[in-house]
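Me: I have a model open and want to learn how to read it. Where do I begin?

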Amino acid sequence: MPSFDTVLEPNLVEVKNAVENASKEIATRFDFKGTSAAVELKDKEITMFGDADFQLVQVEDVLRNKLTKREVDVRFLDRGDVQKIGGDKVKQVIKIRNGIETEVSKKIQRHLKDSKLKVQAAIQGDAVRVTGAKRDDLQAAMALIRKEMTDLPLSFNNFRD
């Protein structure tokens, strides 16, 4: 039976390269000289440091530019709250989304069920497997998922005939 998996997987190698490039640019930019502006990647979290909220916005702008140049969708980023750390320094943690949460998986399932397409969706860990009798139904399901879930950069893999 034909099937495909709906997944949410960033290219972590490109994310790492983008963070390193952003860090180099921040170190060499004139407006960041003598400040605590920095960006670093640990596991699947990007931490931005700055002297003020305004500087964090600038650091994030540099980071987004580097991610875009490396063709990493910025919708993978889940921004956290700005936290104060000693004196006038601030930091912000950005989590990199990886894997579809159960609520979003159920939403995808519901959309497919309501669409009256002849496909079935099954939640498998952090992916959603969609199976159907015809290839055309699966392609229609892909189009529906892309249309309904615009806030997430979902991709489709394991397409089997």
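## A salt bridge between helix and strand

Reply: Begin with one ion pair. Arg79 forms a salt bridge with Glu60, with 3.3 Å between the closest N and O atoms. Keep in mind that this is a predicted model.

Me: What does the pair Arg79 and Glu60 tie together?

Reply: Look at where each partner sits. Arg79 lies in strand E4 and Glu60 in helix H2, so the salt bridge ties together parts that are 19 residues apart in sequence.

Me: Is Arg79 buried or partly exposed? And is Glu60 buried or exposed?

Reply: Read the relative accessible area. Arg79 has 46% and is partly exposed. Glu60 has 7%, which means buried, because the cut-off is under 20%.

Me: Which other residue forms a salt bridge with Glu60?

Reply: Arg64 does, and there the closest N and O atoms are 3.0 Å apart. This pair is local: both residues belong to helix H2, 4 residues apart, so about one helical turn separates them. Arg64 is partly exposed, at 27% relative accessibility.

Me: How many salt bridges are there by this rule?

Reply: The count is 14. Next, check for shared partners. Glu25, Arg29, Asp31 and Lys66 are joined into one network by salt bridges that share partners. One of the links is Arg29 with Glu25, whose closest N and O atoms are 3.6 Å apart. Arg29 is partly exposed at 26% relative accessible area. Glu25 is partly exposed too, at 24%.

## The sheet with E4

Me: Now the strands. How do I read a sheet?

Reply: Start with the general idea. Strands of a sheet pair through backbone hydrogen bonds, either parallel or antiparallel. Then write down the order. Here 4 strands form an open sheet, E2-E3-E5-E4, with antiparallel pairing.

Me: Which strands are the edge strands?

Reply: Strand E2 (38–42) and strand E4 (77–84), each of which pairs on one side only. Then check the twist. Neighbouring strands of this sheet are turned against each other by 20° on average, direction ignored.

Me: How many bridges join E4 to E5?

Reply: There are 6, and strand E5 covers residues 90–96. E4 and E5 run antiparallel. To check the register, find Gln83: it stands opposite Lys91 in E5.

Me: Which strands does helix H1 touch?

Reply: Helix H1 (residues 12–28) packs on the sheet and touches E2, strand E3 (45–50) and E5. The direction of H1 makes about 155° with that of E2. Helix H2 (residues 53–69) packs on the sheet as well, touching E2, E3, E4 and E5. The direction of H2 makes about 140° with that of E3.

Me: Show me one residue inside the sheet.

Reply: Take Thr47 in strand E3. Thr47 is buried, with 11% relative accessible area. Set aside residues up to four places away in sequence, and Thr47 touches Ala38, Val39, Glu40, Lys91, Gln92 and Val93.

## Two helices crossing

Me: At what angle do the axes of H1 and H2 cross?

Reply: Roughly 135°, and the axes come within 8 Å. That makes H1 oblique to H2. Add the handedness: H1 passes H2 in a right-handed crossing.

Me: Which residues of H1 and H2 meet?

Reply: List each side. H1 brings Val15, Ala18, Val19, Asn21, Ala22, Glu25 and Ile26. H2 brings Val59, Val62, Leu63, Lys66 and Leu67. You have already seen Glu25 and Lys66, in the salt-bridge network.

## The sheet with E6

Me: What is the strand order of the open sheet that contains E6?

Reply: The order is E6-E7-E1-E8: 4 strands, with antiparallel pairing. Its edge strands are strand E6 (119–124) and strand E8 (155–160), each pairing on one side only. The twist averages 25° from one strand to the next.

Me: How do I follow the register there?

Reply: Use the pair E6 and strand E7 (residues 127–132), which are antiparallel over 6 bridges. Gln120 has Thr131 in E7 as its bridge partner.

Me: Which strands does H3 lie across?

Reply: Strand E1 (3–7), E6 and E7. H3 runs at about 175° to E6. Finish with Ser105, found in helix H3 (residues 102–114). Ser105 is buried, at 0% relative accessibility. Beyond its neighbours within four places in sequence, Ser105 is in contact with Ile100, Ile123 and Val128.

Conventions:
Residues numbered from 1 in each chain as written. Predicted model: local features only at pLDDT ≥ 70, side-chain atom pairs only at ≥ 80, totals over all residues. Heavy atoms only, no water. Pairing = 2+ DSSP bridges. Axes fitted to C-alpha atoms, helices over the stretch in contact; angles between N-to-C directions. Contact = heavy atoms within 4.5 Å. Salt bridge = Lys/Arg side-chain N within 4 Å of Asp/Glu carboxyl O. Buried < 20%, exposed > 50% of the residue type's maximum accessible area, 1.4 Å probe, protein only. Parallel < 35°, antiparallel > 145°, perpendicular 65-115°, else oblique. Left-handed = near helix turned anticlockwise from the far one by under 90°.
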